[in-house]
Amino acid sequence: MSLAASELGFGAEAEMRDRTQMQFVALLARQGAHRFILKGGLAMRALYGSTRLTKDVDFDGESSLSQQSMQAQMPKALLQAARQAGLNGIDVQQTKAGDRSSRWRIAGRTAEDVATTWEVEVSRRGIPPANFIETRPFETPIAYRIPNFSVRVYGPAAMAGGKINALLSLNRSVPRDVFDLHELIRNKADPVPLWISRVPREFLERNARR
């Protein structure tokens, strides 16, 4: 069972952010957003009920997903989700509109004047084969009053491969990658089919010496 942020020891801002993010992803799922694939922290929640909260919501988009359709859909979905979650003074802005990725920022306040802000990013840099993508049930915390839903998400092999890739990157070093990879390993995720088996041997040897 998924736990609310307050049940995990987080404060009011983190709980409202978590709740609004789930409300947003649930809304997209109900709208039939089948060209979006959830990744990152919320994907870990969908896969394993992870207790790690996330500052952003990240998706990969299929090649058929156009910039125009996202510009029409995302602001409306963010605004609607924020209202359903109980935010006031809502501000939605697109902060990036590139060929390969787009980003939106949402900000608002609760009736108790608790401010929250977070971003959603959609990347269109290509996706792995269909057998590495799953549709999983997303169990929402009872306290959030959001009906459970199903979401497209990367499977364990793809998630683990992505985390290893992030940890080997020279320009990235964040604790959440270690936390997520530990959770994936604990659940017996195997990155070999997607990542390690396709990486040149010299790349692995070079990084092993670091």
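Start in the middle of this predicted model: its largest nonpolar core has 54 residues, and those touching the most other members are Phe24, Val25, Leu38, Val57 and Phe59. Helix H1 (residues 12-30) is the top contributor to this core, giving eight residues. Phe59 makes a good place to look around. Setting aside neighbours within four places in sequence, phenylalanine 59 is in contact with Phe24, Val25, Leu28, Phe36, Ile37, Leu38, Lys39, Val120, Glu121, Val122 and Ser123.

Zooming out, the protein chain has six helices and seven strands, running α-β-α-β-α-β-β-β-β-β-α-α-α from the N terminus. Of its 210 residues, 46% count as buried. Among contacts between residues at least 6 apart in sequence, 63% join residues at least 24 apart. On the outside, the chain exposes about 11000 Å², with carbon and sulfur atoms supplying 51% of that.

Now for helix H3 (residues 67-85). With 19 residues at 1.5 Å each, H3 should span 27 Å, and its end C-alpha atoms are indeed 27 Å apart. Its buried residues are Gln67, Met70, Met74, Ala77, Leu78, Ala81, Ala82 and Ala85. In an α-helix there are 3.6 residues a turn, so residues three or four places apart point the same way. The cover over the buried residues of H3 includes H1 along with strands S1 (36-39), S3 (88-97), S4 (101-109) and S5 (115-123). Just after H3 comes glycine 86, with a positive phi of about 100°.

What about charged pairs? The structure holds ten salt bridges, and three of them are listed here.

| Salt bridge | Closest N to O distance |
|---|---|
| Arg152 and Glu62 | 2.9 Å |
| Arg103 and Glu119 | 3.9 Å |
| Arg103 and Glu121 | 3.2 Å |

The pair of arginine 152 and glutamate 62 links parts 90 residues apart: arginine 152 is in strand S7 (residues 149-154), while glutamate 62 is in the loop between strand S2 (56-61) and H3. Arginine 152 is partly exposed, at a relative accessible area of 22%.

The other two pairs both involve arginine 103. Glutamate 119 in strand S5 is 16 residues from arginine 103 in strand S4. Glutamate 121 also lies in S5, so its pairing with arginine 103 in S4 ties together parts 18 residues apart in sequence. Salt bridges that share partners join Arg103, Arg105, Glu119 and Glu121 into one network.

Are these residues buried or partly exposed? The cut-off for buried is under 20% relative accessible area. Arginine 103, at 21%, therefore counts as partly exposed, whereas glutamate 119 at 18% and glutamate 121 at 19% count as buried.

Terms used:
Residues are numbered from 1 along each chain as its sequence is written. This is a predicted model: local features need pLDDT of at least 70, side-chain atom pairs count only at pLDDT 80 or more; totals for chains, interfaces and linings use all residues. Side-chain values use heavy atoms; hydrogens and water are left out. Helices (H or I, at least four residues) and strands (E, at least two) are DSSP runs, numbered from the N terminus. Buried means under 20% relative accessible area, exposed over 50%, partly exposed in between (1.4 Å probe, protein chains only). Contact means heavy atoms within 4.5 Å. Accessible areas come from the Shrake-Rupley method with a 1.4 Å probe; for residues, only the protein chains shown count as cover. A nonpolar core is a set of buried Ala, Val, Leu, Ile, Met, Phe, Trp, Tyr and Cys residues joined through side-chain atoms within 4.5 Å. The expected span of a helix is 1.5 Å times one less than its number of residues. A salt bridge is a side-chain nitrogen of Lys or Arg within 4 Å of a carboxyl oxygen of Asp or Glu.
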